[in-house]
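Biologist: I would like a close look at one part of this model, with the reasoning laid out step by step. Please start from a single pair of side chains and work outward from there.

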Amino acid sequence: MKLRRRQRERLSLWLQYLAFVAVIAVVVYAADWGRLKEAFFRVDIIESMFPTIITVALRNTILYTLGAFAFGLVFGTLLALMRLSRVAPYRWVATAYIELFRGLPALLVLFLVGYGIPIAFPEREIPGGVFGSIAIGLGLTAAAYMAETIRAGIQAVPKGQMEAARTLGMSHFTAMRTIVIPQAFRIVIPPLTNELILLTKDSSLAYVLGVTASTIEVTKFGRDTLNDRVNATPLLVAGFTYLIITLPLSQVVRRLELRYAKAR
């Protein structure tokens, strides 16, 4: 008996569901749950990590992320305006910076900021100490990505908006500041939120600057606990701690994208 197209599609869908359930069943049956529990789910180790992982490590992770995001947003906006400038040297400098820092690993940039600047300027200190070094180090890389995002948002604003503002007697700077840039930021909020999520995870690179017990972040705290207890449970707890930040932000991105799609 020949099946109709709709019946074939329904059969194919059910076969895919069946294959998925079969794979899950095999994994569940074959896994050694006793060893997994001993290696990754030690309740005594989990209890020993609280509340420090929240009150110190997670707090510092959030502070490093927000500091880097704020620095990157301000600097990235400046770079985006330079990319769009009529002054050729501004465009050259912004383009060179963006291409350079998008190609460099964030770990290398963080290392250069934390150790290169003090060597180059021995009589000066980065404001904020470790926090300032991490915010600037991560923010320099983030700014290169944000600049392209913001530039695309500015170019997505209809040119008629600028023309109407100039017709009303506004200067180019005033029109950009009060009309174009606010609309551009409404457009680029979802990708900027994605950048915030990436910075949350990049904050795990802070260890390269030699964090202390008071400046430790989530990943370093989990790794130190792993070394002390010789067990992988701390890394699992650290991963779930990151989810406290990233999952709500991911939901925000989805809702913003849906709202923007409906608005269009």
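Which side chain meets that of R229 in a salt bridge?

Modeller: This is a predicted model, and the partner of R229 in it is D44, with N and O 3.2 Å apart. The pair links distant parts of the chain, since R229 belongs to helix α10 and D44 to helix α3, with their positions 185 residues apart in the sequence. R229 has a relative accessibility of 34% and D44 one of 35%; because partly exposed covers the range between 20% and 50%, R229 is placed in that class, and D44 is placed there too.

The count of salt bridges in the model comes to seven. Two others among them lie within single helices: R102 pairs with E99, the closest N and O atoms being 3.4 Å apart, and E148 pairs with R151 at 3.1 Å, N to O. R102 and E99 are three residues apart in helix α5, about one turn of the helix, and E148 and R151 are likewise three residues apart, in helix α7 (residues 130-156). An α-helix has 3.6 residues a turn, so residues three or four places apart point the same way. The surroundings of these pairs can be read from their accessibility: R102, at 33%, is partly exposed, as is E99 at 46%, whereas E148 is buried at 16% and R151 is buried at 18%. As for R229 and D44, salt bridges with shared partners join them with E38 and R42 into one network.

Following the chain onward from α10, one comes to V230, which lies in the loop between α10 and α11 (233-263). V230 is not a glycine, yet its phi is positive, at about 50 degrees. Most residues other than glycine have a negative phi, and most peptide bonds are trans. V230 is also exposed, with a relative accessibility of 70%. On the α3 side, the loop between α3 (43-49) and α4 (52-83) holds P51, and the peptide bond from F50 to P51 is cis, with omega near 5 degrees.

On the other side of α10, the loop between α9 (172-202) and α10 (218-229) contains E217, which makes a useful contrast with R229 and D44. E217 is buried yet has no salt bridge, the nearest side chain of opposite charge being that of R223, 5.8 Å away; a salt bridge requires the nitrogen and the carboxyl oxygen to lie within 4 Å, so that distance does not qualify. The side chain of E217 does reach the backbone nitrogen of T219, at 2.9 Å. Apart from neighbours within four places in sequence, E217 is in contact with A57, T61, Y64, S203, S204, A206, Y207 and Y242.

Helix α5, where R102 and E99 lie, also carries an aromatic pair, one of six counted in the model. Y97 and F101 are stacked, 4.2 Å centre to centre and with 25 degrees between the planes. These two are four residues apart in α5 (residues 88-103), and therefore separated by about one helical turn. Y97 is buried at 13% relative accessibility, and F101 is buried with a relative accessible area of 14%. Together with F71 and F75, Y97 and F101 form one aromatic cluster.

Conventions
Residues numbered from 1 in each chain as written. Predicted model: local features only at pLDDT ≥ 70, side-chain atom pairs only at ≥ 80, totals over all residues. Heavy atoms only, no water. Buried < 20%, exposed > 50% of the residue type's maximum accessible area, 1.4 Å probe, protein only. Lys, Arg positive; Asp, Glu negative; His and termini not counted. Polar contact = N/O pair within 3.5 Å; in protein donor to acceptor, adjacent residues only side chain to side chain. Contact = heavy atoms within 4.5 Å. Phe/Tyr/Trp six-rings, centres within 6.5 Å; stacked < 30°, edge-to-face > 60°.
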